[in-house]
Amino acid sequence: MNIIVNDHPMTLSAPMTVQQWLEHIKHTQSGTALAINQTIIPHSEWHTQQINDGDTILLFQAIAGG
């Protein structure tokens with residue numbers, strides 16, 4: 001399965017959810033936001049949202065500002 005993460009290609013060996021993928025890449029930072037194909041995925045859906053072949057993922061730190 002081939003995806004794009006922050007403009008970099010990545011290959012996954014098996015289908016997985018967003019939560020499984022974050023664990024796979026050892027991403028543990030709090031305050032993380034994530035969009036798949038330009039749609040923000042709420043944290044409450046990370047356990048069920050599947051990553052599909054060809055998805056473009058934007059992973060970023062949410063920053064408070066004013």
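**Group meeting: a walk through a predicted model**

Let me start with a single residue: Asn37 is partly exposed, at a relative accessible area of 40%. Asn37 sits in the loop between β4 (32-36) and β5 (39-40). Its backbone is worth a look too, as phi of Asn37 is near 50°, a positive value in a residue that is not glycine. For anyone who hasn't stared at phi angles lately, most residues other than glycine have a negative phi.

Asn37 has company. Asp7, in the loop between β1 (2-5) and β2 (8-11), also has a positive phi, near 70°. Is Asp7 buried or exposed? Asp7 is exposed, because its relative accessible area is 73%, and the cut-off for exposed is over 50%. Please keep in mind that this is a predicted model.

Now let's step back to the whole chain. You'll find one helix and seven strands, and going along the sequence they come in the order β-β-β-α-β-β-β-β. The C-alpha atoms fit a box of roughly 40 × 20 × 20 Å along the principal axes. The radius of gyration is 12 Å, which agrees with the value near 11 Å for a compact globule of 66 residues. If we take contacts between residues at least 6 apart in sequence, 59% of them join residues at least 24 apart.

On to the inside. Buried residues account for 30% of the 66 in the chain. The largest nonpolar core has 14 residues, and those touching the most other members are Ile3, Val18, Trp21, Leu34, Ile36, Ile51 and Ile57. Which elements each supply at least two residues of this core? They are β1, α1 (18-24), β4 and β7 (56-61). The helix α1 gives the most, with three residues.

Ile36 is a nice one to click on. Setting aside neighbours within four places in sequence, Ile36 is in contact with Val18, Ile41, Gln49, Ile51, Asp55, Thr56 and Ile57.

Finally, the outside. The chain exposes about 4500 Å², with carbon and sulfur atoms supplying 53% of that area. There is also a nonpolar surface patch of about 270 Å², made by Ile40, Leu58 and Phe60. Leu58 belongs to strand β7. Leu58 has 43% relative accessibility, so it counts as partly exposed. So β7 supplies at least two residues to the core, while Leu58 in that strand helps to make the surface patch.

That's my tour, and thanks for listening!

Technical notes:
Residues numbered from 1 in each chain as written. Predicted model: local features only at pLDDT ≥ 70, side-chain atom pairs only at ≥ 80, totals over all residues. Heavy atoms only, no water. Helix = DSSP H or I, 4+ residues; strand = E, 2+ residues; numbered from the N terminus. Buried < 20%, exposed > 50% of the residue type's maximum accessible area, 1.4 Å probe, protein only. Core = buried A, V, L, I, M, F, W, Y, C linked by side-chain atoms within 4.5 Å. Contact = heavy atoms within 4.5 Å. Patch = residues over 30% accessible without salt bridge, like charges linked within 9 Å, V, L, I, M, F, W, Y side chains within 5 Å. Areas by Shrake-Rupley, 256 points an atom, 1.4 Å probe, with all protein chains shown as cover. Salt bridge = Lys/Arg side-chain N within 4 Å of Asp/Glu carboxyl O. Rg over C-alpha atoms; globule rule 2.2 N^0.38 Å.
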